[in-house]
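Biologist: Please take a close look at a single part of this model. Start from one residue and work outward, with the numbers.

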Amino acid sequence: MPTVVLMDASLSMTRPVSLDQGSEELQRKNLAVAGLTMLFEHMASNYRLEFTSLVAFSSLWELLVPFTRDYNTLQEALSNLEDYDKTCLEAALHGVSNVVQQEWGHACPTQVVLVTDGSLGIGKGSLRHSLQTLKQRPEDKKFPLPFPFPAKLFIMCIASAEELQMTDTMDNLEKLLQLNGGDGQIFTMEGQLCLKSVQSMFGRLIDAAYSPFHAVLRCGNLTSDVQVFPRPEPVFLDQEVDPLPKHVLTDLEIVGFIEIGDISSPPVISRHLVLPIAVSKEVDDVGAGAPEELEEETSANQQAGKAPNFCVLLHGSLKVEGMVALVQVGPEWHGMLYSQADSKKKSNLMMSLFEPGPEPLPWLGKMSQLGPISDAAENPYGEDDSRSPFPLQPPVKRSYAQNVTVWIKASGLQTDVQKILRNARKLPEKTQTFYKELNRLRKAALAFGFWELLKGVAELLERECTLLPDTAHPDAAFQLSHAAQQLKLASTGDSQYSLFEHNINPMHTDFSGGGVDILL
């Protein structure tokens with residue numbers, strides 16, 4: 001989950017902060033830089049594989065650092081940030097949208113950290129003016145929120161909540177979150193504006209959005225400490241009346257392995273990078289007077305890197321064998337572990353989460369009923385792996401797999417009626433086909449509540465009966481009259497003849513030799 005840091009470089013950020021007498025004079029910009037430095041240091045230690053970009057804005061916006069994992073470059077650009085003119089947040093949000101789409105497209109979830117003093121700007125281009133003119137804009141000048149990609153917006157205000165509430169600033173910032181779908185949070189400084197307060201505020205941001213997710217990956221008696229990037233988000237089930245969030249557990253249990261071809265391309269709700277954690281002691285206060293301690297710690301780190309790790313073994317095995325591992329992440333909630341290559345020489349162990357539920361992938365059936373091959377009476381894959389037990393065939397034939405009558409256009413309905421009339425003119429040779437098409441139309445009309453259609457077709461059949469030539473077979477007139485009468489009874493909607501399960505059977509006549517067997 002990449003991060004875009006949007007730094008306010010307007011003149012209002014240079015306002016001095018009131019500090020105790022004798023202390024070094026600081027600007028709000030200095031407090032913002034101190035807070036971002038804390039964030040970058042945390043990400044360098046715990047989120048080394050995440051990409052971060054730095055954008056500065058005032059009346060215009062500028063991409064200072066493209067997406068990178070080099071936090072020294074980000075810190076250097078932040079230290080050399082210059083001061084510009086007035087605030088224009090709308091232009092900056094357009095800039096963020098362009099930067100993210102060029103690098104990641106429309107599907108990648110992104111976190112946007114806006115650092116500002118809460119100044120909305122002045123006149124045209126100010127946030128206040130932008131929000132007031134939302135409904136008067138042409139299509140080509142729409143407000144940039146919501147972003148065209150999934151995004152969380154965190155607004156870091158170098159100001160106290162009381163200061164923001166004295167004006168309508170807080171209301172406008174909350175409206176900004178609402179426009180983005182409400183996904184994000186506004187952080188303000190508590191107490192006096194000082195380094196301690198800004199560090200506390202960014203600490204709350206880290207706890208909310210950048211706290212690492214540590215877990216234990218288990219497979220039988222094998223375990224490995226792992227870290228998951230990005231942190232899995234709670235999931236709410238839409239079909240529940242009062243949904244409660246479902247959280248990924250810190251115990252990830254591998255329940256089995258399956259061929260990649262069998263699992264195909266399953267629908268997933270999120271993807272995460274899984275890394276093994278190298279456990280080693282940290283070096284504290286190592287100086288010139290402790291060379292022996294330094295040697296001991298260096299040796300310990302080297303040994304930790306050489307120690308067997310189940311996570312590394314799993315990644316290599318899945319990559320070579322072309323399989324995925326089914327992992328249980330919560331009650332009735334599963335995902336899969338697999339190897340994904342970034343390049344020809346680099347691959348990662350990834351975890352994709354399925355939708356919560358007992359049967360997230362219908363072609364595999366219920367997860368609880370899957371078992372090892374050894375439990376089966378015979379190898380379901382065959383002796384030479386030439387077949388597969390998947391996809392499972394459902395016990396009940398699905399409605400979309402049946403020959404369902406659908407009338408989207410008038411031409412479709414006209415075709416079905418004409419088919420009945422063509423068969424009607426070829427009675428009694430086409431008796432079987434005539435009644436088959438007649439019953440298909442009858443069931444569709446009853447399903448749609450289209451009673452008028454039944455009455456109309458009945459009138460057409462009566463008309464065809466009167467137009468029969470003298471050379472026509474006598475059975476044709478009897479069958480047409482019988483079919484028309486049955487359709488009229490069904491069109492009333494209140495008789496046994498209007499039941500959906502009921503079929504119109506051919507009329508038994510002396511001409512038909514005791515009746516015709518119809519396959520319906």
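**From a loop to a network**

Modeller: Val406 counts as exposed because its relative accessible area is 55%, over the cut-off of 50%. The model is predicted, so read every value here as computed from a prediction. Val406 sits in the loop between strand 15 and helix 11. Val406 is part of a nonpolar surface patch with Val404 and Ile408. Together the three residues offer about 330 Å² of accessible area.

Now step back to Thr405. Thr405 belongs to the loop that runs between strand 15 (347-353) and helix 11 (410-424). Is Thr405 buried or exposed? Thr405 is buried, because its relative accessibility is 10% and the limit for buried is under 20%. The side chain of Thr405 makes a polar contact with the side chain of Arg440, at 3.0 Å.

That contact leads to Arg440. Arg440 lies in helix 12 (residues 431-448). Arg440 is partly exposed, because its relative accessibility is 23%. Which acidic side chains does Arg440 pair with? One is Asp416, in a salt bridge with an N to O distance of 3.2 Å. This pair ties together distant parts of the chain: Asp416 is in helix 11 and Arg440 in helix 12, 24 residues apart. Asp416 is buried, because its relative accessibility is 12%.

Glu437 is another partner of Arg440. In this salt bridge the closest N and O atoms are 3.0 Å apart. Here both residues lie in helix 12. They are three residues apart, about one turn of the helix. Glu437 is buried, because its relative accessible area is 13%. The shared partner makes one network of Asp416, Glu437 and Arg440. Why can such groups pair at all? Side chains of opposite charge can do so when their charged atoms come close.

So much for the centre of this view. The structure has 13 salt bridges in total. For contrast, take one of them, between Glu378 and Arg387. Their closest N and O atoms are 3.4 Å apart. Glu378 is exposed, because its relative accessibility is 58%. Arg387 is partly exposed, because its value is 41%.

Some acidic side chains form a surface patch instead. The negative patch consists of Glu259, Glu321, Glu383, Asp384 and Asp385. Glu259 belongs to strand 11 (residues 251-259). Glu259 is partly exposed, because its relative accessible area is 32%. Patch members must have over 30% and no salt bridge, so Glu259 meets the area limit.

Last, the backbone. Where does the chain take a cis peptide bond? One joins Leu145 and Pro146, with omega about 0°. Pro146 is in the loop between helix 4 (127-132) and strand 7 (151-160). Another cis bond joins Phe229 and Pro230, with omega about -20°. Pro230 is placed in the loop between strand 10 (222-229) and strand 11.

Two loop residues have positive phi without being glycine. Ser264 has phi of about 55°. Ser264 is in the loop between helix 8 (260-263) and strand 12 (270-276). Glu332 has phi near 50°. Glu332 is in the loop between strand 13 (323-330) and strand 14 (333-341). Ser264 is partly exposed, because its relative accessibility is 48%. Glu332 is partly exposed, because its relative accessibility is 48%.

To return to the start: Val406 is exposed, while Thr405 is buried. Thr405 contacts Arg440, and Arg440 shares a salt-bridge network with Asp416 and Glu437.

Methods: Residues are numbered from 1 along each chain as its sequence is written. This is a predicted model: local features need pLDDT of at least 70, side-chain atom pairs count only at pLDDT 80 or more; totals for chains, interfaces and linings use all residues. Side-chain values use heavy atoms; hydrogens and water are left out. Patches are made of residues with over 30% relative accessible area and no salt bridge: like charges are joined within 9 Å, nonpolar side chains (Val, Leu, Ile, Met, Phe, Trp, Tyr) within 5 Å. Accessible areas come from the Shrake-Rupley method with a 1.4 Å probe; for residues, only the protein chains shown count as cover. A salt bridge is a side-chain nitrogen of Lys or Arg within 4 Å of a carboxyl oxygen of Asp or Glu. Lys and Arg count as positive and Asp and Glu as negative; His and the chain ends are not counted. The place of a charge is taken as NZ of Lys, CZ of Arg, CG of Asp or CD of Glu. Helices (H or I, at least four residues) and strands (E, at least two) are DSSP runs, numbered from the N terminus. Buried means under 20% relative accessible area, exposed over 50%, partly exposed in between (1.4 Å probe, protein chains only). A polar contact is a pair of N or O atoms within 3.5 Å; within protein, one must be able to donate a hydrogen and the other to accept it, and residues adjacent in sequence count only if both atoms are side-chain atoms.
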